[in-house]
Amino acid sequence: MEEIEHLPLPAKESLRELYGSYTPVFTQVLDNVEQKLKGVISLPSNPTYKSRIKSFQSYYKKIIRKKSDQVGSVELIPLSDMIGIRVICAFLEDLDVVEKQIQGSFCVTEVERKGNDQTVKEFGYESVHILIRIPEDCMPSIASPILPDDTVVEIQIRTILQDAWAEVEHELIYKSEFNPFDKPLRRKLASINASLTLADIIFQEIRDYQKKLQNELDFRRNTFYEKADVITGEPHPEGDGAKLKTASPPPESIVDTSPYTKGTIDDLVLEALHAHNTGNLQKAVSIYTQILQSTPEPPAVVQSVILKHRGMAYFAQNRYDESLSDFKQSIAKDSKNFRSYYYEGIVYSVQGNEQSAIEAFDRSIELNAYHSHVYYRRALSYFNINEYQKALQDLDAAERLGLDNDDSRALRAKLVKKFDMDV
């Protein structure tokens with residue numbers, strides 16, 4: 001029988017010493033790449049970063065298991081995950097964004113999507129693993145030892161829940177080399193993994209809903225202010241110095257992406273908002289009224305919000321008395337609803353009742369002293385009743401809170417002109 005020649009294994013302690021000599025180099029590369037990565041990645045929700053240098057024990061196990069044909073070498077045997085950084089994101093949509101940002105800023109050598117090949121009967125963690133070459137500006141300043149040319153940094157991208165599962169799975173299965181044969185136990189593990197995956201999907205659906213809801217609310221609020229500006233002859237202060245009449249409503253219905261059960265209050269609110277923003281004001285008013293008349297009666301705070309929305313729909317139809325009535329009822333249902341006071345003041349101002357408008361703005365400011373636009377609106381009302389000093393004080397307050405655009409400067413110019421005329 002032919003004798004098989006085996007490559008000699010290096011002494012473990014010698015290999016430990018060799019690996020340890022590279023630790024300062026790995027650490028410097030890790031710190032440099034992580035800092036560069038943080039400058040590259042931009043998300044609305046700040047991701048969390050975890051970084052590590054592979055421990056010698058893990059390194060040793062892996063080269064014995066996967067690099068047995070190279071273990072006779074006295075040089076460092078590079079592994080793809082010796083230097084690792086994990087980017088943990090809040091939502092599924094963030095994963096693609098981060099991957100594209102990395103692709104655009106680093107030299108990527110490989111992308112692996114863990115978990116994509118699993119069947120519905122299997123359990124395991126999901127993660128995107130990206131291998132990058134070490135950028136020149138991230139190279140270590142330490143002269144030696146010199147890193148092998150094919151040394152890479154592994155960047156893993158996961159959601160919070162994917163990371164949680166991976167951590168638990170690593171402890172239960174990978175580290176203990178445990179592979180359950182018992183079917184009930186395997187079902188439990190698969191069920192947990194499926195639950196976390198479903199939770200990620202639901203979180204993303206809610207995130208999509210929030211974005212579309214915010215678009216609807218912003219559009220509706222801006223058109224409300226624009227109409228008030230047109231009626232009162234004043235420019236719009238909430239934009240960037242430009243009229244919003246060119247703005248268009250969100251192109252797709254928010255109802256189609258609602259995570260809520262059809263017919264619930266949340267779902268009806270979304271439908272009403274979209275009807276409002278697409279000009280179907282009568283439908284919007286009808287839905288708001290349906291919510292208010294539903295059984296059981298919605299909580300007072302919910303009624304306050306719905307009355308505020310309906311009041312804005314009435315305002316868009318030039319039904320100012322009904323609009324004012326709804327804002328008053330909204331306040332009665334929730335005395336801390338500072339926006340309803342604000343909108344009440346706008347309606348009074350449109351009706352030419354500046355004194356009542358000022359009183360409503362006063363109450364809104366008492367509840368929220370950091371809303372710059374209320375000061376601006378009150379300044380306009382003071383200006384209209386020739387209270388120029390008070391108007392200037394309110395304009396100063398609005399600008400201290402960050403309102404700085406062509407419209408606020410135009411009002412200031414008017415006030416300066418009035419003061420010059422009085423001299």
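Is Cys 107 buried, exposed or partly exposed, and what is its relative accessible area? In this model, which I should say at once is a predicted one, Cys 107 is partly exposed, with a relative accessible area of 43%. Cys 138, by contrast, is buried, at a relative accessible area of 2%. As for disulfides, the structure holds zero of them.

Let me turn to the nonpolar interior. The largest nonpolar core has 37 residues, and the ones with the most contacts inside it are Leu 37, Tyr 59, Ile 102 and Val 153. Two or more residues of this core come from each of helix H1 (12-40), helix H2 (56-66), strand E2 (83-89), helix H3 (92-105), strand E4 (127-133) and strand E5 (152-159). Of these, H1 gives the most, with nine residues. If we set aside residues up to four places away in sequence, Leu 37 touches Tyr 49, Ile 85, Val 87, Ile 102, Phe 106 and Ile 155. There is also a second, separate core, this one of 34 residues, and among its members are Val 350, Leu 380, Phe 383 and Ala 398. As a general remark, nonpolar side chains tend to be buried together in soluble globular proteins.

Phe 106, which I just named as a contact of Leu 37, has a further partner, in that Lys 36 lies over the face of its ring, at 6.0 Å from the ring centre.

That brings me to the aromatic residues, where a search of the whole structure finds 14 pairs. Consider Tyr 342 and Phe 361, whose ring centres are 6.1 Å apart and whose planes stand at 55°, so the pair is classed as tilted. Tyr 342 lies in helix H10 (residues 338-350) and Phe 361 in helix H11 (residues 354-367), so this pair ties together parts that are 19 residues apart in sequence. Both Tyr 342 and Phe 361 are buried. They also belong to a cluster linked by ring pairs, which takes in Phe 224, Phe 315, Tyr 320, Phe 327 and Tyr 343 as well.

Staying with helix H11, I would point to Glu 354, which has its place there. How accessible is Glu 354, and does that make it buried or exposed? Its relative accessibility is 10%, and because the cut-off for buried is under 20%, Glu 354 counts as buried. Leaving out residues up to four places away in sequence, Glu 354 touches Ser 349, Ser 381, Asn 384 and Ile 385. From Glu 354 to Phe 383, a member of the second core, the C-alpha to C-alpha distance is 9.7 Å, with their positions 29 residues apart in sequence.

Another acidic residue to look at is Asp 394, found in helix H13 (residues 388-400). Asp 394 is buried, with a relative accessible area of 5%, and beyond residues up to four places away in sequence, it touches Tyr 375, Arg 378, Ala 379 and Tyr 382.

Finally, helix H6. At 1.5 Å a residue, the 13 residues of H6 (residues 265-277) should span 18 Å, and the end C-alpha atoms are indeed 18 Å apart, which agrees. H6 is mostly covered, since ten of its 13 residues are buried, including Asp 267, Leu 268, His 274, His 276 and Asn 277. Just after H6, Gly 279 takes a positive phi of about 90°.

Terms used
Residues are numbered from 1 along each chain as its sequence is written. This is a predicted model: local features need pLDDT of at least 70, side-chain atom pairs count only at pLDDT 80 or more; totals for chains, interfaces and linings use all residues. Side-chain values use heavy atoms; hydrogens and water are left out. A nonpolar core is a set of buried Ala, Val, Leu, Ile, Met, Phe, Trp, Tyr and Cys residues joined through side-chain atoms within 4.5 Å. Buried means under 20% relative accessible area, exposed over 50%, partly exposed in between (1.4 Å probe, protein chains only). Helices (H or I, at least four residues) and strands (E, at least two) are DSSP runs, numbered from the N terminus. Contact means heavy atoms within 4.5 Å. Rings of Phe, Tyr and Trp (its six-membered ring) pair if their centres lie within 6.5 Å; planes under 30 degrees apart count as stacked, over 60 as edge-to-face and the rest as tilted. A charge sits over a ring if NZ of Lys or CZ of Arg is within 6 Å of the ring centre and within 35 degrees of the ring normal. The expected span of a helix is 1.5 Å times one less than its number of residues. A disulfide is a pair of cysteine sulfur atoms within 2.5 Å.
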